[in-house]
Amino acid sequence: MTLWVDRLIKPSPTNEPPAPREQLRNDLAVAATVIFALILAFGIRNQVFTAARFASLNEGVVRIAYPERWVMRADDGSGFIAIRFGSPSIYDSRIEVSSRPINAGETLDLARFDRGLKLSAELPGYRELEATEMQVLNGAPAIVTTYGFIADPTRDAGATSLPVVVEAQDVMFLHEGYFYVVSLRADAADWDANARNFAIVTDSLRLQQPPRPTAASVSTSGFTAGVQMEGGN
């Protein structure tokens, strides 16, 4: 085997070495091939990381993407739960989507307030950190809240692992008679590592900041329409 490698590497004694111009041309060709292979590899890698599946809610009224490698645990037509098994934390990162019909006279602010009350009653150590006005779909108003709570996934199994501080964001909006909540949750220590996965969800919602208000929409007090709201739940 060594003999064959030496024959391939060493120049042939019967052939003249390439001229400097030919050698430069060969080097450039090799470099171009390597660069193309690297670009192709990165493209394949990005396609793997951004591969997604779609879930339809309320007979196709809203379609929301989730990472293809995540496992769908529940899907009743009005919401779903997708979990990233194999997360570094004992708390598996997850996407929880729910929807319900809007009550008579209910606004987004009222629905968001009701959501906050339920979370404060259900989640240990719940604390809302921030709430921001955003837009989804074709400019529909949305509210994104960031909050934290304490989870103890191993308690029911009798394990002695420490509880986990979970970071979460809820994207809430009204659309065609329904109130939607798209909840992104992960161990606070792994939140940044899930950014690419969560972006698949928010990109499918076309989540973005609302246009900046014009001078005519500025109040006499000097404050614009509330782009930033304080959390208080």
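In the predicted model, the largest share of the lining of the largest cavity comes from helix H3, which contributes four residues. A search of the whole structure returns one cavity of 30 Å³ or more, and the space inside the largest cavity amounts to about 30 Å³. Its lining is made up of 10 residues, and those that lie nearest the centre are Arg115, Gly116, Tyr126, Glu128 and Thr145. Besides H3, strand E8 also supplies at least two residues of this lining. By residue class, the lining of the largest cavity divides into three nonpolar, three polar and four charged residues.

Helix H3 (108-122) recurs in the largest pocket, where, together with strand E5 (94-101) and strand E9, it is one of the elements that give two or more residues to the lining. The volume of the largest pocket is about 170 Å³, and the residues that line it are Ser98, Ser99, Arg100, Asp114, Arg115, Lys118, Leu119, Glu122, Phe179 and Val181. H3 again provides the largest share, in this case five residues. The lining of the largest pocket comprises three nonpolar, two polar and five charged residues. Arg115 thus appears in the lining of the largest pocket and is also among the residues that lie nearest the centre of the largest cavity.

These elements belong to a chain with four helices and 10 strands, whose order from the N terminus on is α-α-β-β-β-β-β-α-β-β-β-β-α-β. Of the 233 residues of the chain, 33% count as buried. Among the contacts between residues at least 6 apart in sequence, 51% join residues that are at least 24 apart.

Aromatic contacts were examined next, and the count of aromatic pairs comes to seven. In one of these, the rings of Trp70 and Phe198 have centres 6.1 Å apart and planes at 70°, an angle over 60 degrees, so the pair is classed as edge-to-face. This pair links distant parts of the chain, 128 residues apart, since Trp70 lies in the loop between strand E2 (62-67) and strand E3 (71-75), whereas Phe198 lies in helix H4 (residues 195-205). Both Trp70 and Phe198 are buried. In a further pair, the ring centres of Tyr178 and Tyr180 are 6.1 Å apart and the planes stand at 50°, so the arrangement is tilted. The two tyrosines are placed in separate exposure classes: Tyr178 is partly exposed, with a relative accessible area of 25%, while Tyr180 is buried, with a relative accessible area of 0%. Trp70 and Phe198 are also members, with Trp191, of one aromatic cluster.

Helix H4, which contains Phe198, has as its buried residues Asn197, Phe198, Ile200, Val201, Thr202, Ser204 and Leu205. The helix is followed by Arg206, whose phi is positive and near 55°.

Two arginines sit over aromatic rings. The charged end of Arg63 is placed over the ring of Phe54, at 4.4 Å from the ring centre. Arg94 lies over the face of Tyr91, and here too the distance to the ring centre is 4.4 Å.

Backbone torsions provide a further set of local features. Most residues other than glycine have a negative phi. Leu137, by contrast, has a positive phi, near 50°, and is found in the loop between strand E6 (127-136) and strand E7 (140-151). A relative accessible area of 14%, which is under 20%, means that Leu137 is classed as buried. Glu176 likewise has a positive phi near 50°, and its position is in the loop between strand E8 (164-175) and strand E9 (178-187). With a relative accessible area of 58%, which is over 50%, Glu176 is classed as exposed. The two loop residues therefore combine a positive phi near 50° with opposite ends of the exposure scale, Leu137 being buried and Glu176 exposed.

Terms used: Residues are numbered from 1 along each chain as its sequence is written. This is a predicted model: local features need pLDDT of at least 70, side-chain atom pairs count only at pLDDT 80 or more; totals for chains, interfaces and linings use all residues. Side-chain values use heavy atoms; hydrogens and water are left out. Rings of Phe, Tyr and Trp (its six-membered ring) pair if their centres lie within 6.5 Å; planes under 30 degrees apart count as stacked, over 60 as edge-to-face and the rest as tilted. Buried means under 20% relative accessible area, exposed over 50%, partly exposed in between (1.4 Å probe, protein chains only). A charge sits over a ring if NZ of Lys or CZ of Arg is within 6 Å of the ring centre and within 35 degrees of the ring normal. On a 1 Å grid over the protein atoms alone, a cavity is a set of points where a 1.4 Å probe fits but cannot get out, and a pocket is an open set with protein on both sides within 12 Å along at least five of seven lines; lining residues have an atom within 4 Å of a point. Grid points are joined across faces, edges and corners, and a volume is the space filled by probe spheres set on the points. Ala, Val, Leu, Ile, Met, Phe, Trp, Tyr, Cys and Pro count as nonpolar, Asp, Glu, Lys and Arg as charged, and the others, Gly among them, as polar. Contact means heavy atoms within 4.5 Å.
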